[in-house]
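Got your viewer open? Load the model below and keep the selection box handy.

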Amino acid sequence: MGNVDMQFEFEEKSRIFAIHTQRSSYVFGINERDRLQHLYWGEPVTIDDCAPLLRGRSHSSFDAEVDMEAEEYSFWGGVNYDEPSLKVRMPDGVRDLLAGYVRHEIREEDGRQTLVIVLKDRVYPLEAHLLYRVIPEYDLIERSARIVNTGGDDIVLESVQSAAWSLPDLRDYRLTHVTGKWSGEFQLRRNVLSEGKKVLESRRGFTDSHANPWFAVDEGQATETDGRVWFGALAWSGNWKITAEKTVFNHVRVTGGINDFDSEWVLGAGESFDAPWFVGGYTAGGFGGMSRNLHQYQHAYVLPSSEPRKVLYNSWEATYFNVNAADQMALAERAARMGVELFVVDDGWFGQRNNDRAGLGDWYVNKEKFPNGLGELIGKVHKLGMEFGIWVEPEAVNPDSDLYRAHPDWVYHFETRPRTELRNQLLLNISKPEVKAYILQFMTELLQNHRIKFIKWDMNRTVTEPGMKDHPLHRQKELWIRHVRSLYEIWAELRRRFPHVEFETCAGGGARIDLGIFRYADQSWPSDNTDAFDRLSIQEGFSYTYAPRMMTCWVTESPTGMNKRNVSLKYRFHSAMMGTLGIGSNLNEWSDELIEQSGEFIRQYKAIRPLVQFGRQYRLADLQHKGVTAVQYVDEAGTDSAVFAFLHSQRLGEPLPRLRLQGLQADRAYAIEGLPGSWSGRALMNIGIELPLRGDFDSLLYRVTAVE
Ligand code: GLA
């Protein structure tokens with residue numbers, strides 16, 4: 001086939017495909033049974049190098065086709081017992097798939113060169129199209145699968161995974177992932193895989209804070225700066241599943257996509273089903289290299305806009321549900337004095353929303369709280385030189401609301417079961433056309449009638465009693481997929497209608513953060529926990545996959561409402577300046593002095609914003625290392641840099657680690673703002689700097705700039 005800059009290669013004779021990025025190769029072939037067999041993923045190689053790998057393997061009649069452990073996309077059928085990529089039920093009840101290669105082509109889809117490999121069942125009218133796209137500069141491959149029913153009867157899809165990633169033969173397979181909970185999201189974990197499966201997943205209807213849809217595997221010794229790492233991140237905001245399976249023959253394959261738990265999709269005559277994209281990558285540059293490739297990819301290929309993120313103020317922790325025009329205007333005045341650019345009113349502005357027990361679903365402005373409408377506040381905010389943003393939670397409803405009283409059947413439920421309330425709310429079936437239309441209409445009115453620049457879109461509960469009234473009985477298990485697809489459609493439509501409006505994804509903190517929602521969301525709220533120290537580990541786990549500018553971080557009160565920890569204003573600002581800076585304190589109670597000092601930190605942030613939001617991020621030290629965390633942000637040229645360092649608590653006589661910087665030019669000289677003298681890049685990166693941190697919860701910010 002025609003090569004596109006040699007990204008895709010196919011050799012007729014050996015029937016082998018190779019996908020090349022700048023620093024990696026990914027190779028698979030068509031075997032004698034016409035099945036696709038994965039051969040290699042890692043440092044650059046040629047098709048010839050891999051040819052000997054394309055062969056059948058058998059151990060005994062109990063392990064008849066060992067080579068199928070490396071099937072590029074695994075069809076459930078025959079003697080295949082590993083995690084399947086595709087499992088279906090044919091119209092006559094047959095549940096065995098026998099699909100082989102029939103053709104391939106490169107075509108443009110969504111403006112991207114896409115390799116499409118078509119596999120077809122030998123008997124039934126079912127095709128699987130495997131889709132591959134290349135991001136050569138960041139050594140990434142995007143994969144998806146499209147399942148097509150070319151016949152006249154329904155075929156039931158029991159499991160459609162996006163991709164299976166086969167890893168090469170390694171001594172150990174260490175899996176890195178995150179776990180978490182409400183207010184404790186993105187906690188890093190590392191485990192060596194043994195034979196069997198490790199399943200990361202969500203069954204709660206959204207992405208979930210208990211896990212996040214990405215993985216990284218290394219040989220057990222990769223560090224931030226060195227070592228080979230294979231990784232992937234899935235673009236799906238509903239029930240998802242990533243299965244890392246190690247066989248008794250030491251083969252590891254990571255399969256991921258929409259969770260097959262309680263899930264089915266009925267594929268009608270002539271219809272097709274697209275699995276979400278799953279991006280995978282290989283780097284020899286350790287976990288830091290992995291993260292930077294993912295971050296740059298998000299900037300260039302995923303996020304809906306490349307505008308710098310604004311310094312925002314959010315009223316939630318200041319006023320909770322007790323929102324009113326006068327207080328918000330007073331807050332706005334103080335926020336503007338500090339240099340805030342976007343003023344966001346959180347929950348409580350609509351319906352009878354005086355607490356979390358009522359009003360959700362009634363999206364009209366509360367006249368008691370805003371007697372002159374929202375316009376008065378918005379006008380004031382604009383006069384103060386800021387943009388205006390507002391909170392919504394369109395997918396949910398309080399039973400105590402006009403909406404629910406009018407449409408009790410719009411929520412997910414089973415007629416014979418109680419409707420479980422979580423935070424006193426139920427969830428709307430947003431794939432029902434009337435519900436979708438209702439949401440689009442009130443959002444359109446809100447955005448048309450007010451000068452709103454920013455929407456914080458929240459979602460504060462998981463799915464229970466997953467029944468859809470009025471939806472065909474044999475299609476009830478489609479709910480999990482339908483909800484997410486409708487959500488994406490609503491966001492896409494809103495972005496089309498209001499291209500100037502920016503969106504933040506929030507779900508009780510960070511329960512809906514993934515590469516799927518980030519095609520529509522400019523930024524995210526990673527956690528309701530705003531304690532500046534707790535945030536360091538949350539932000540570290542976040543940074544493994546997602547770029548700093550996608551992470552909103554607020555400076556709030558000390559002691560924090562949640563864990564009563566006392567930390568300085570400086571420490572709080574430094575912690576929050578490592579992403580998109582926000583303020584969440586009750587400024588009406590802040591002294592002029594505190595406002596002044598905060599204004600100074602906001603000025604500092606604006607000066608380094610291009611580095612934090614668009615530069616390359618290097619994790620220099622993590623908390624496990626003598627209680628010091630440090631993160632550095634560097635411009636593309638390696639001439640300008642911001643370094644944040646935090647000390648948990650000092651121990652007498654125990655020296656702090658020297659901080660070795662990264663990403664600079666070895667032969668350039670650098671100055672550190674506020675310190676006399678200069679240093680060579682070589683010295684900063686190899687010898688490092690001493691950290692003058694003392695006591696408990698100390699922090700610093702260094703600006704390191706090349707000098708002539
Ligand atoms: C969720 C969000 C918070 C806040 C509240 C409002 O918990 O994560 O930031 O918006 O809802 O009810």
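Here's a walk through two sheets, a helix pair and a cavity.

Quick housekeeping: this is a predicted model, with local features needing pLDDT of at least 70 and side-chain atom pairs counted only at pLDDT 80 or more, while totals for chains, interfaces and linings use all residues. Numbering starts from 1 along each chain as its sequence is written, and side-chain values use heavy atoms, with hydrogens and water left out.

**Stop 1: the parallel sheet.** Select E28-E27-E26-E23-E22-E21-E30-E29, which is the order of an open sheet of 8 strands with parallel pairing. Helices (H or I, at least four residues) and strands (E, at least two) are DSSP runs numbered from the N terminus, and strands pair if DSSP finds at least two bridges between them. The edges are E28 (523-524) and E29 (552-555); each has a single partner strand, so one side of each lacks a neighbour in the sheet. Now zoom to E26 (residues 454-457) and E27 (residues 502-505), joined by 4 bridges. Trp457 sits opposite Thr505 in E27. Next, add H10: it packs on this sheet, touching E29 and E30 (580-583), and its direction makes about 170° with that of E29. Angles here run from 0 to 180 degrees between N-to-C directions, with axes fitted to C-alpha atoms (for helices, over the stretch in contact).

**Stop 2: the helix pair.** Keep H10 (residues 569-576) and add H11 (residues 592-614): they pack at about 30°, axes 11 Å apart. Show sticks for Leu569, Lys570, Phe573 and His574 of H10, plus Leu594, Gln597, Ser598, Phe601 and Ile602 of H11, which make the contact (heavy atoms within 4.5 Å).

**Stop 3: the antiparallel sheet.** Select E31-E32-E33-E36-E34-E35, the order of an open sheet of 6 strands with antiparallel pairing. E31 (616-621) and E35 (679-680) are at the edges, each with a single partner strand, so one side of each is left without a neighbour in the sheet. Between E31 and E32 (residues 628-634) there are 5 bridges; look for Ala621 opposite Ala630 in E32. H11 packs on this sheet too, touching E31, E32, E33 and E36.

**Stop 4: the largest cavity.** Which residues lie nearest its centre? Select Leu536, Gln539, Glu540, Met578 and Val631, among the 13 lining residues. A cavity is a set of points on a 1 Å grid over the protein atoms alone where a 1.4 Å probe fits but cannot get out, and lining residues have an atom within 4 Å of a point. The space inside is about 100 Å³, a volume being what probe spheres set on the points fill, with points joined across faces, edges and corners. H9 (534-545), E31 and E32 each supply at least two lining residues.

Notes. 1 Å grid on protein atoms, 1.4 Å probe; cavity = no way out; pocket = protein on both sides within 12 Å on 5 of 7 lines; lining within 4 Å.
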